[in-house]
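Visitor: Could you walk me through this one? I'll ask, you reason it out.

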Amino acid sequence: MTTTITETYGVDPTPTPLALLLLGREADPNSERGVECPGDLPAASDPDLVARARAAKEALGERVFILGHHYQRDEVIEFADVTGDSFKLARDAAARPEAEYIVFCGVHFMAESADILTGDAQQVVLPDLAAGCSMADMATAEQVAECWDVLTDAGIADVTVPVSYMNSSADIKAFTGKHGGTICTSSNAQRALEWAFEQGQKVLFLPDQHLGRNTAVREMGFSLDDCVLYNPHKPGGGLTAEQLRNAKMILWRGHCSVHGRFSLDSVNDVRERIPGVTVLVHPECKHEVVAAADMVGSTEYIIKALDAAEPGSKWAIGTELNLVRRLAKAHPDKEVVFLDRAVCFCSTMNRIDLPHLVWALESLVEGRVPNVIRVDPETEKYAKAALDRMLALP
């Protein structure tokens, strides 16, 4: 007699909607974004995927420009015309006005930035609309508007300058632009904050609390007491008017799900396992991790540090695993390890896989433009104002 998996293990093997969503084969009806792939999404096991991607890209020629974020899978990076962080890629796209289609292998907010900076005749395509960003989603336009009302009631809105991290939605960038603020990257956060404090007395930093805190305390000499944490899920942000008035940095309660997982234990553990290791982490990590690290810097900083490192040196890197693996492969003369024992990919970034890229490119070849990311004109106007202020920073 044959027994089924359900009878043996008490488990129903029928794919659930969540399982299909994670596999890129289904949409989540309860999510703001889902994924629709009219026609068949190629199977990941298709042995012709690489050849199909090459053929589609060749057929499109200069009409298409493919951007690959540093955290993308190797199978996707192989077809990228340029790689980089989110802002570099958006600027690269803007520098290619002859490209009709910008295929952004990254996440949603990155594609929005590319749409803001590129020409009206260009179309930005995100191969999987479910490739969002948990950090960007931690600050909605409604929540930030409510926060501004709280600051107004406390009598400090007129002396507060919003500074928003690039890893934010177009709506949040637009809010920042409308209220006289600027955008920053992990590379120029200090310059952006210095500019903001020349304009006002306080900063509302969105949406990553760790980058804001680390920059203010580590780079600018602020104390931890100068920073307060605004929780959008609590009345008044969980803060009193007096706390808001006494603070210099009002930090939004948001974080990166990848960088936020690194802990002080991770740093101590790797130092015990690898004597002489240099711990290099991204400033989106928690303050105690940054304080315990040897070096701190943006993704581009991390890449340049490894390029310049001495042969035989040992490195523990606290950033996304795809990039760490790529760095280890590129530097076989150095020992490069992931800071944490447990692997951690950016799950939403990883939704952009080779099947989705092939589907997007072949759709373009067939004359269909899938998953176009468009920012409405009003939002674009104010978001671009905030981005322009960043570009004007000394």
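Visitor: Which strands does helix H15 lie across, and at about what angle does H15 run to S13?

Guide: Keep in mind that this is a predicted model. Helix H15 covers residues 321-330. H15 lies across S12 and S13, and its angle to S13 is about 170°.

Visitor: In what order do the four strands of the open sheet come?

Guide: The pairing in this open sheet is parallel. S11 (295-296) and S13 (335-338) each have a single partner strand, so they stand at the edges, with one side of each left without a neighbour in the sheet. Reading across, the order is S11-S10-S12-S13.

Visitor: What is the bridge partner of Ile317 in S13?

Guide: S12 and S13 pair in the parallel sense, over four bridges. Strand S12 spans residues 314-318, and four bridges also join it to strand S10. On the S10 side, Thr278 has Trp315 as its partner in S12. On the S13 side, the partner of Ile317 is Phe338.

Visitor: Which side chains of S13 point to the buried face?

Guide: Side chains alternate along this strand. Glu335 and Val337 point to one face and are not buried. Pointing to the other face, and buried, are Val336 and Phe338.

Visitor: Which helix gives the most to the largest nonpolar core?

Guide: That core has 105 residues, and Val103, Phe205, Met249, Val279 and Val281 touch the most other members. Seven residues of the core come from the helix you're after, residues 354-365. That's helix H16.

Visitor: And which residues does Val279 touch, leaving out those up to four places away in sequence?

Guide: Val279 is one of the residues that touch the most other members of the core. Its contacts include Arg271 and Asp294. The full list is Val267, Val270, Arg271, Ala293, Asp294, Met295, Ala316 and Leu339.

Visitor: Are H6 and H17 roughly parallel or roughly perpendicular?

Guide: The axes of helix H6 (residues 108-117) and helix H17 (residues 377-391) come within 10 Å. Where they meet, Asp115, Ile116 and Leu117 in H6 face Glu380, Ala383, Lys384 and Leu387 in H17 as contacts. The axes cross at roughly 90°, so the two helices are roughly perpendicular.

Visitor: Over which residues does pLDDT stay under 50?

Guide: Across the protein chain the mean pLDDT is 89, and 90% of residues reach 70 or more. Where pLDDT is low, don't read the predicted coordinates in detail. The stretch where pLDDT stays under 50 has 38 contacts beyond four places in sequence, and it covers residues 1-35.

Key: Residues are numbered from 1 along each chain as its sequence is written. This is a predicted model: local features need pLDDT of at least 70, side-chain atom pairs count only at pLDDT 80 or more; totals for chains, interfaces and linings use all residues. Side-chain values use heavy atoms; hydrogens and water are left out. A nonpolar core is a set of buried Ala, Val, Leu, Ile, Met, Phe, Trp, Tyr and Cys residues joined through side-chain atoms within 4.5 Å. Buried means under 20% relative accessible area, exposed over 50%, partly exposed in between (1.4 Å probe, protein chains only). Contact means heavy atoms within 4.5 Å. Two strands pair if DSSP finds at least two bridges between them. Axes are lines fitted to C-alpha atoms, for helices over the stretch in contact, and angles run from 0 to 180 degrees between N-to-C directions. pLDDT is the predictor's confidence in each residue, from 0 to 100. Angles under 35 degrees count as roughly parallel, over 145 as roughly antiparallel, 65 to 115 as roughly perpendicular and the rest as oblique.
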